Structure formats: C-alpha cells, structure tokens
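Work through these exercises with the sequence and the 3D view side by side. Try each task before you read its solution.

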Amino acid sequence: MTACAIEPSADPGNSGAPRAGCSITAAGTYAARLARSGQDGDSWYPERWTLDGPEPYAVPLPGNQPEEAGTEVQPMGDGRVLVHRVAAGRHVFALLYPTGPGTGELPLGAVECPADTTGPRLLPPAPGGERAYALAAGPRSTVLWEVAGGAFGPERVAEIPGRCSGGVWLDRTGRMLAVDQETGGRTKAVVVDLERGGEVSPLLQIAADSDDRLLLADPDSGLVLIGSDAPSPGRQRLGWGVLGSTLPVRFPECLRMPDCVVTPFAIQPGQVLTPERCAVALRVDGAFGSWVGVWRPADRRVRHLPAPEGWLTGAGLWTPDGELRLPCSTPQSPCGVARLAAPDAGGGRTEGANDAGDEGDPGGPGDAADTADTADTAPDGSGDPAATAPSTRASAPGRPCPVPLQQAPLARLVTK
C-alpha cells in the first residue's frame, strides 16, 4: 500500500465527508442503511441493524414500494428507522418499525423548500436518539429543522445566517451543535445552542482568511478533528485541537498523504483527561480503494489497516477500551461486525509531546524538532504563529458553550 497524504474531501455539501455506508446511533446501539433487493440488485429497502447484543442482526424494513437510491435513513434510539424521501418536490419524513412479518410506518410530515434552497439533509444521529435534525441551506441563510421527536411533525428550530453544511454534536445532551457556516466567501465552524432558540456563536477561526471546518468531535475528551487551509492556503489539511484549550490547532505532518481523501469517522470515547490518547479512525480513499487508518494525537504516524471484506465504508465506532467495530456485509455474512484492536499508544512520554499531551507543540524557541509544524501553523506563512495569533475568547460564565479554537501563542501552557 503506497503512502498517501491526508486531505479532507472537497464536497461542500457535507463538510468534506464522503457519505458512509450506514448510519449509527450516538450510543452505538443501532445502525441503518439502504440495502439492495431484487434479482439485479437495482431496488432498495431500509434495513435496521442491532449492534448491542451478543451477535449483530439485521431486520429488513421494506415499504409498499422500493426506495429511491437517494433516500436517507437514520436509526433512532428506540430501534425505529427514520426515512427521508423526496416526492413531487416535497421532503417527506416517516418512521419505520417491524410489525411481525411486515413493516409499520408512522408518517411525520413533510418539508417544502423554496426553489433556491437545497433540500434538507439529515444531520448525524443526535445524542439520546429521541430526536433527529436536518439542514436546508439557502443562498443567504440555512434553516435547521427538527424532523423527528417533536410534537407536531417537522419544526423549524433556527434560521442561521449564511450557507451551512456539516453538523457535529459537541455534547451528550443534544444541545450544542456545530455547523460550518459560509459567509462572505469564507467558511467557519459555529455553534448553535438548541436550548437558546438556535443562538449562534463562533467556534473555530484559525485565520481571518482561512476556511475552517469541524469534522468530528468527542464530547468526553474535547478532542476535535478539523479541516483547514490556514497552513496551506487553497489546500485543505487535517488538524486537531481540544475544545477549551489555549494551545493551538495542530496539523501533524503524518496526516499529509497526497492523492488520497482522508475522512475521520470515529473517536475513541471515555478518555476524559487524555485527549491526546484518543484513537481516531480514518477512512482513506485512494487509487487502490478504501482502507482504515488509525491515529492518535500522541503518535507521529498513521497505522494503515486493510478494510475488512464487505465494510460499509466510512461507518464504525470505538469502544472506550479501544476496540474499533466496523459493520460489514457480504453474501456469506449479510450482517457482521469486524473488530479491530487499536495499536498501543505506548505508556511513556511521547517524543515531542508536552506535559499537557499536545503532540509536537512548538512551545519555546528551543524546539527545533517541530520547526516544520511551526511553519505550517503560521496563518501568514511567516513561521511564527504567535506573531499573528488572535487571543482565545472565553465562554460567558455559566454557559456550556465551547471556547473558540483559535491560534494561541506558542508558549508551554500546562494546566494541572
């Protein structure tokens, strides 16, 4: 397998993330996907997978007619499956559930969008599994819809200025949602507070003229994966940071692999005090297919693993003890889960890591080993990020709002 540089995908509709082969609840209990049916495999039906038992099993949920290939499906926390269909220009939502030999369907209602608005796209499953949300982007603003879990069908939750995409949950209550907001020709990640009427506040700005997107976040450790062109104008790179940290966003050299699209899809949970030890699963798409990369911020390399046969590409979850579970489907095993153990991160101090666990933090002027990373993270290309670093803005007292990840002065800041 040839080495390749990591680049987030350029798909503007979903923050650079290719669509995964299935959707998994935040708790990892259920998954849902569109499966092929018919002799030629040219028709589709929703399928629910149960993942929390001794063995995974699938339940087909075919409706009265085959689904379109573009139908979105999402598992709910109670085992039902949300479907998003498009019919006569209307976006129709319903919940499917097994009823013995058949499939029950609970209509939720429809959303009609203006002609200049993209149709709503489902956001990743919300924590708790009781509600589901979608974004409908227009030329000047984006509407956030609650499409499942409300009392009266789809409801408008907020209207966000600009054209928004992506969607990453920052907590385990389903309150704080990060989206990528495009305004004035630049894209920045912002936070939408669902308990404050959709109040929007800044989250991620590395440089004033950079495009900064949030790709993935872990609520336990605060570890976030971002895509930004701040270190290489016009070319997205993959970086990492910690919510609330005063240390800068890092862009490790090991996460550069030319001619490949790399998408982070799962972070190991439960590492509350050690975000640098969280294992991150990467989907790597190259000329020879797709495979899995495993990386930790404390490491200086990505470990490449062959994708298991039948992997529902881009889907998976970590257990707190470091097992990566990848849903797979083959003719011999239509519903299976491959289990991969994360490589050890090592118990000692990682070379180049400071006491707070930030790999490759340039820190003081004597850190010659990190000269390349220092130059990469300078927004103005000067090699000295501290020269142009805006200060980090703290949250208002008492509000569970994340601290914006901005370029912090490069000093060894250690908090105990």
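**Exercise 1. Surface and overall make-up**

How much area does the protein expose, and what share of it do carbon and sulfur atoms supply?

Solution. Start with the status of the model: it is predicted. The protein exposes about 18,100 Å². Carbon and sulfur atoms supply 51% of that area. Next, turn to the inside. The protein has 416 residues, and 55% of them count as buried. Now list the secondary structure: one helix and 26 strands. Last, look at contacts with a separation of 6 or more. Residues 24 or more positions apart account for 46% of them.

**Exercise 2. The nonpolar cores**

Find the largest nonpolar core and say which strands supply at least two residues each.

Solution. Step one: size. The largest nonpolar core has 20 residues. Step two: its best-connected members. Leu 225, Leu 282 and Trp 295 have the most contacts inside this core. Step three: the strands. S17 (212–217), S18 (223–228), S19 (237–242), S20 (261–267), S21 (280–286) and S22 (289–295) each supply at least two residues of the core. Step four: zoom in on Leu 225. Skip its neighbours within four places in sequence. Its contacts then include Leu 216, Leu 238, Trp 240, Ile 267, Val 280 and Trp 295. Arg 213, Gly 239 and Pro 264 are also among them. Step five: look for another core. A second, separate one has 16 residues, among them Val 168, Ala 189, Ile 206 and Leu 214.

**Exercise 3. Cysteines**

How many disulfides does the structure hold?

Solution. Recall the chemistry: a disulfide is a covalent bond between the sulfur atoms of two cysteines. The structure holds zero of them. Check Cys 22. The nearest cysteine sulfur belongs to Cys 335 and is 9.6 Å away. The cut-off is 2.5 Å, so a disulfide is ruled out for Cys 22. Then check burial. Cys 22 has a relative accessible area of 10%, so it is buried. Cys 164 is at 6% and also counts as buried.

**Exercise 4. Salt bridges**

Which parts of the chain do the salt bridges of Arg 33, Arg 172 and Glu 253 link?

Solution. The structure holds 20 salt bridges. Take three in turn.

- Arg 33 and Glu 47 meet at 2.9 Å, N to O. Arg 33 is in strand S2 (residues 30–37) and Glu 47 is in strand S3 (residues 43–50), 14 residues apart. Arg 33 counts as buried at 14% relative accessibility, and Glu 47 counts as buried at 7%.
- Arg 172 pairs with Asp 220, with the closest N and O atoms 3.0 Å apart. Arg 172 lies in the loop between S13 (163–169) and S14 (176–183), and Asp 220 in the loop between S17 and S18, so the bridge ties together parts 48 residues apart in sequence. Arg 172 is partly exposed at 47%, and Asp 220 is partly exposed at 27%.
- Glu 253 pairs with Arg 237, with the closest N and O atoms 3.9 Å apart. Glu 253 is in the loop between S19 and S20, while Arg 237 is in strand S19, 16 residues away. Glu 253 counts as partly exposed at 41%, whereas Arg 237 counts as buried at 1%.

Finish with a network. Arg 175, Asp 193, Glu 195 and Arg 196 are joined into one by salt bridges that share partners.

Methods: Residues are numbered from 1 along each chain as its sequence is written. This is a predicted model: local features need pLDDT of at least 70, side-chain atom pairs count only at pLDDT 80 or more; totals for chains, interfaces and linings use all residues. Side-chain values use heavy atoms; hydrogens and water are left out. A nonpolar core is a set of buried Ala, Val, Leu, Ile, Met, Phe, Trp, Tyr and Cys residues joined through side-chain atoms within 4.5 Å. Buried means under 20% relative accessible area, exposed over 50%, partly exposed in between (1.4 Å probe, protein chains only). Helices (H or I, at least four residues) and strands (E, at least two) are DSSP runs, numbered from the N terminus. Contact means heavy atoms within 4.5 Å. Accessible areas come from the Shrake-Rupley method with a 1.4 Å probe; for residues, only the protein chains shown count as cover. A salt bridge is a side-chain nitrogen of Lys or Arg within 4 Å of a carboxyl oxygen of Asp or Glu.
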